[in-house]
Amino acid sequence: MSNKQLDVQIMGQSYILGCPEGGEDRLLAAVRKVDEAMCKIRDAGKIKARDRIAVLAALNLAFDQDPNPAQAPAVPTTAVDIPESSQERLSQLLKRLDHVLEQDGQLI
């Protein structure tokens with residue numbers, strides 16, 4: 001099966017993505033979901049770094065895929081929704097992510 005390349009935009013940034021023939025609609029739907037999730041977090045105004053926005057969007061989208069959503073607690077979509085008691089823990093985790101991403105030298 002051959003791959004097709006699509007030029008897409010996520011949060012104003014261009015990406016060239018490969019997908020199998022016939023998978024264009026699924027890929028474009030996924031791009032729309034990711035773009036919407038990232039823009040929602042960015043527009044909340046609390047987080048500016050693209051990599052942090054991407055991590056939070058990925059976590060939110062993965063959580064939405066949970067087969068038992070009624071049994072799991074809600075995942076906050078923005079820093080505004082995070083209880084104050086969790087803010088310090090989240091800050092520590094984001095610092096660790098930043099450190100790892102800096103060492104890696106690439107986001108994806």
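**Notebook: hairpin, helix α1 and core**

I began with the hairpin: β1 and β2 form it with two residues between them, and Met-11 in the turn has a positive phi of about 50°. I note here that the model is predicted.

**Entry 1: strand pairing.** I looked up how the two strands run. Strand β1 (residues 3-10) and strand β2 (residues 13-20) are antiparallel, paired over eight bridges. I then followed Val-8 across to β2, where its bridge partner is Tyr-15.

**Entry 2: cysteines.** How many disulfides does the whole structure hold? My search returned zero. I also checked the accessibility of two cysteines. Cys-19 has a relative accessibility of 5% and therefore counts as buried, the cut-off being under 20%. Cys-39, with a relative accessible area of 16%, is buried by that cut-off too.

**Entry 3: helix α1.** I compared the expected and modelled span of helix α1 (residues 24-43). Its 20 residues, at 1.5 Å a residue, should span 28 Å, because the expected span uses one less than the number of residues. The end C-alpha atoms are 28 Å apart, which agrees. After α1 comes Gly-45, and I recorded a positive phi for Gly-45, near 85°.

**Entry 4: buried side of α1.** Which residues of α1 are buried? I listed Glu-24, Leu-27, Val-31, Ala-37, Met-38, Cys-39 and Ile-41. I next looked for what covers these buried residues, and found that the cover includes β1, β2 and α2 (50-64).

**Entry 5: Glu-24.** Is Glu-24, a residue of α1, buried or exposed? Its relative accessibility is 15%, so Glu-24 counts as buried. Leaving aside neighbours within four places in sequence, I found Glu-24 in contact with Lys-4, Leu-6 and Cys-19. With Lys-4 there is a polar contact of 3.5 Å between the side chains.

**Entry 6: nonpolar core.** I looked up the largest nonpolar core, which has 15 residues. The residues with the most contacts inside this core are Met-11, Met-38, Ile-41 and Ile-53. Two or more residues each are given to the core by β1, α1 and α2. The largest share, six residues, comes from α1. For background, I note that nonpolar side chains tend to be buried together in soluble globular proteins.

**Entry 7: Ile-53.** I closed with the contacts of Ile-53, leaving aside neighbours within four places in sequence. Ile-53 is in contact with Met-11, Met-38 and Ile-41, and also with Arg-42, Ile-47 and Lys-48. Met-11 is thus recorded twice in my notes: in the hairpin turn and among the core residues with the most contacts.

Definitions and conventions
Residues numbered from 1 in each chain as written. Predicted model: local features only at pLDDT ≥ 70, side-chain atom pairs only at ≥ 80, totals over all residues. Heavy atoms only, no water. Pairing = 2+ DSSP bridges. Helix = DSSP H or I, 4+ residues; strand = E, 2+ residues; numbered from the N terminus. Disulfide = S-S within 2.5 Å. Buried < 20%, exposed > 50% of the residue type's maximum accessible area, 1.4 Å probe, protein only. Contact = heavy atoms within 4.5 Å. Polar contact = N/O pair within 3.5 Å; in protein donor to acceptor, adjacent residues only side chain to side chain. Core = buried A, V, L, I, M, F, W, Y, C linked by side-chain atoms within 4.5 Å.
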